[in-house]
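Colleague: I'm new to this model and would love a guided tour of just one part of it. Could you pick a single piece, look at it closely and then show me what surrounds it?

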Amino acid sequence: MSRSSTTFFLFLALLSTSGCFGPGSVQPGASYSTVMVTMDGQPVENANITFAPVGNGRSAYGRTDAQGMAIMGTSNPGDGVFPGEYQVGVSKSEPDPEHIVHDVDAYHRKHGKFPELVMIYHTPKRYEDPGSSGFSTTILADQSNELQLELTSK
């Protein structure tokens, strides 16, 4: 086998184990599940999605792309969600660059306490907690599941 053939097959092997082949990478017993997030009609990029099980079960997570779509996973990104009922949380936030403390030890010595992390929320904070966001879904077995979430900024 030539060196280029060996490199190609090694590349394919790495892709198949990294979950890059979409729905085929869903773990046994889980269902391929996507979430589309918009706010005021526009896609929300880099939003974190949390599925919290109602009762017993495993949580699932995802992060939206530039089109506002997240492929949900339980153990790894995109590996699916186990069937059941879930409450859903959505958040997009980042540390406020004007309040970042770069030398935490010096701050602690000077003020006698650790600095608080100040966040900028790009989605309303009311959607962050799955228990109070108002969003829920039921994931069905043996089929693709799609959820659309429309957030409002006001």
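Modeller: Let's start with strand β1, which pairs with strand β5 (residues 69–71) in the antiparallel sense over 3 bridges. Two strands pair if DSSP finds at least two bridges between them, and the elements themselves are DSSP runs numbered from the N terminus: helices are H or I runs of at least four residues, strands E runs of at least two. In this pairing, V35 stands opposite A70 in β5.

Before going further, a word on what you are looking at. This is a predicted model, in which local features need pLDDT of at least 70 and side-chain atom pairs count only at pLDDT 80 or more, while totals for chains, interfaces and linings use all residues. Residues are numbered from 1 along each chain as its sequence is written, and side-chain values use heavy atoms, with hydrogens and water left out.

Back to the strand. β1 also runs parallel to β10, with 7 bridges joining them. V35 appears here too, standing opposite L147 in β10. A further partner is β2, which runs antiparallel to β1 and is joined to it by 2 bridges; there, T38 stands opposite P43.

β1 and β2 form a hairpin with 2 residues between them. D40 is found in the loop between these strands and has a positive phi of about 55° although it is not a glycine. That is worth a glance because most residues other than glycine have a negative phi. D40 counts as partly exposed because its relative accessibility is 44%; buried means under 20% relative accessible area, exposed over 50% and partly exposed in between, with a 1.4 Å probe and protein chains only. A little further along, N46 in the loop between β2 and β3 is another non-glycine with a positive phi, of about 65°. N46 is partly exposed too, with a relative accessible area of 33%.

The strand itself is mostly covered: 6 of the 7 residues of β1 are buried. Part of the picture is the largest nonpolar core, which has 24 residues. Such a core is a set of buried Ala, Val, Leu, Ile, Met, Phe, Trp, Tyr and Cys residues joined through side-chain atoms within 4.5 Å. V35, V37, I49, F51, M72, V90 and L149 touch the most other members. The elements that give two or more residues to this core are β1 (33–39), β3 (48–53), β6 (84–91), β9 (135–139) and β10 (145–151).

M72 shows how these pieces meet. Leaving aside residues up to four places away in sequence, M72 touches several others, including S33, V35, I49 and F51; contact means heavy atoms within 4.5 Å. D79, G80 and V81 are also among the residues that M72 touches.

That stretch comes up again on the way into our strand. A30 is in the loop between α1 (3–18) and β1, and it touches D79, G80, V81 and F82, again not counting residues up to four places away in sequence. A30 counts as buried because its relative accessibility is 15%. The C-alpha atoms of A30 and A141 are separated by 7.1 Å, although these residues are 111 residues apart along the chain. For V81, there is also a distance to G57: the two are 24 residues apart in sequence and 10.0 Å apart in space, C-alpha to C-alpha. G57 is found in the loop between β3 and β4 (60–63) and counts as exposed because its relative accessibility is 56%.

Finally, let's step back to the whole chain. The chain has 2 helices and 10 strands, running from the N terminus as α-β-β-β-β-β-β-β-α-β-β-β. Of its 154 residues, 31% count as buried. Among contacts between residues at least 6 apart in sequence, 65% join residues at least 24 apart. So if you want one thread to follow on screen, begin at V35, which stands opposite A70 on β5 and opposite L147 on β10.
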